[in-house]
Amino acid sequence: MAAYALTRIPFRGASAVFVVLIACLMIPGQITIIPLFIGMSAVGLVDTRLSLILIGVPYPLGLFLFRQFFMTIPKSYDEAAGIDGASRIDICFRILFPQIRPAIAVVALMHFLLMWNDFFRPLIFLYSAENMTLPLGLVLLQGQFGLARGISPVLAGAALSVVLPVLAFMFGQRYIAEGAKLGGLKA
């Protein structure tokens with residue numbers, strides 16, 4: 001929705017807002033982790049899965065990719081739909097979103113893989129074994145069994161942790177190829 005607003009709704013300072021949002025890509029997560037932890041503990045969300053969901057929602061790279069895809073769609077589609085009586089919401093959801101389906105698939109897959117493999121933020125926000133993510137659980141397994149007594153449970157867990165990302169890639173491969181093809185076109 002932010003990418004739609006930045007590309008389709010003219011307002012003062014749109015480019016400045018975009019630059020600030022993209023500048024968030026340059027800030028490492030290690031710098032913002034302490035304020036995030038203080039905020040999450042103030043509202044009682046430490047050691048909950050909701051804390052990981054909330055800190056994973058803002059995704060500036062997704063905003064950038066969506067903005068680039070919206071810029072490839074001619075504005076004449078918006079004008080034609082407006083003449084037919086469509087509102088901005090209708091234009092966004094009925095005309096533009098179906099055209100950026102490949103971008104949605106690419107961003108969803110990239111963000112899923114980023115969150116699936118994240119180790120640092122779950123390590124900070126989660127401490128109980130039942131809330132741990134798979135990478136944290138594998139380290140816990142490694143600590144419990146130790147490498148000297150047998151690595152097979154850790155390797156079995158690592159093999160299982162690859163199944164879901166491979167399936168997601170297999171089902172999203174068509175959209176990724178289509179998105180890569182469309183991403184190189186000029187409007």
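1. Asp47 sits in the loop between α3 and α4 (49-56) of this predicted model. Its phi is positive, at about 65°, although Asp47 is not a glycine. Most residues other than glycine have a negative phi. With a relative accessibility of 12%, Asp47 counts as buried. A positive phi is also found at Gly44, just after α3, where the angle is about 75°.

2. The helix before that loop, α3, has 14 residues. From its first C-alpha to its last, α3 reaches 20 Å, close to the 20 Å expected at 1.5 Å a residue. Where does α3 bend? The bend is at Pro35 and comes to about 30°.

3. Helix α5 (residues 60-72) can be checked by the same kind of sum. Its 13 residues should span 18 Å at 1.5 Å a residue, and the C-alpha atoms at its ends are 19 Å apart, which agrees. The buried residues of α5 are Pro60, Gly62, Leu63, Arg67, Phe69 and Phe70. Arg67 also has a ring to note: its charged end sits over the ring of Phe18, 3.9 Å from the ring centre.

4. Next, the aromatic rings. A pair of aromatic rings is described by the distance of the centres and the angle of the planes. With centres within 6.5 Å as the cut-off, the count comes to six aromatic pairs. One of them joins Phe37 and Phe125, with 5.9 Å centre to centre and 45° between the planes, a tilted pair. Phe37 belongs to helix α3 (residues 29-42) and Phe125 to helix α9 (residues 120-125), so this pair ties together parts that are 88 residues apart in sequence. The two partners can be compared by accessibility: Phe37 is partly exposed at 31%, whereas Phe125 is buried at 0%.

5. Phe112 and Trp116 make another pair. Their ring centres are 5.5 Å apart and their planes are at 35°, so this pair is tilted. The angle is neither under 30 degrees, which would count as stacked, nor over 60, which would count as edge-to-face. Phe112 and Trp116 are four residues apart in helix α8 (residues 101-116), and are therefore separated by about one helical turn. Phe112 is partly exposed, with a relative accessible area of 27%. Trp116 is partly exposed too, at 24%. Elsewhere, ring pairs link Tyr4, Phe70, Phe93 and Phe97 into a cluster.

6. Which residues touch the most other members of the largest nonpolar core? Of its 17 residues, they are Tyr4, Phe70, Leu96 and Ile100. The helices α1 (2-8), α2 (14-23), α5 and α7 (88-99) each supply at least two residues of this core. The most come from α7, which gives four. In soluble globular proteins, nonpolar side chains tend to be buried together. Apart from neighbours within four places in sequence, Leu96 is in contact with Tyr4, Arg8, Phe70, Ile73, Asp78 and Ile91. There is also a second, separate core of eight residues, among them Met40, Leu45, Leu52 and Phe125.

7. Helix α8 also holds Val107. Is Val107 buried or exposed? With a relative accessible area of 8%, Val107 is buried, because buried means under 20%. Val107 and Gly62 are 45 residues apart in sequence, yet their C-alpha atoms are 5.6 Å apart in space. Gly62 is among the contacts of Val107 beyond four places in sequence, together with Tyr59, Leu65 and Phe66.

8. Leu114 is found in helix α8 as well. Its relative accessibility of 41% makes Leu114 partly exposed. Leu114 and Ile27 are 87 residues apart in sequence, and 16 Å separates their C-alpha atoms in space.

9. The last point concerns Leu138, in helix α10 (residues 134-149). Leu138 counts as buried, at 16% relative accessibility. Leaving aside neighbours within four places in sequence, the contacts of Leu138 are Val154, Gly157, Ala158 and Ser161. Gly85 is 53 residues from Leu138 along the chain, and the C-alpha atoms of these two residues are separated by 55 Å.

Definitions and conventions:
Residues are numbered from 1 along each chain as its sequence is written. This is a predicted model: local features need pLDDT of at least 70, side-chain atom pairs count only at pLDDT 80 or more; totals for chains, interfaces and linings use all residues. Side-chain values use heavy atoms; hydrogens and water are left out. Buried means under 20% relative accessible area, exposed over 50%, partly exposed in between (1.4 Å probe, protein chains only). A charge sits over a ring if NZ of Lys or CZ of Arg is within 6 Å of the ring centre and within 35 degrees of the ring normal. The expected span of a helix is 1.5 Å times one less than its number of residues. A nonpolar core is a set of buried Ala, Val, Leu, Ile, Met, Phe, Trp, Tyr and Cys residues joined through side-chain atoms within 4.5 Å. Contact means heavy atoms within 4.5 Å. The bend at a residue is the angle between axes fitted to the seven residues ending there and the seven starting there.
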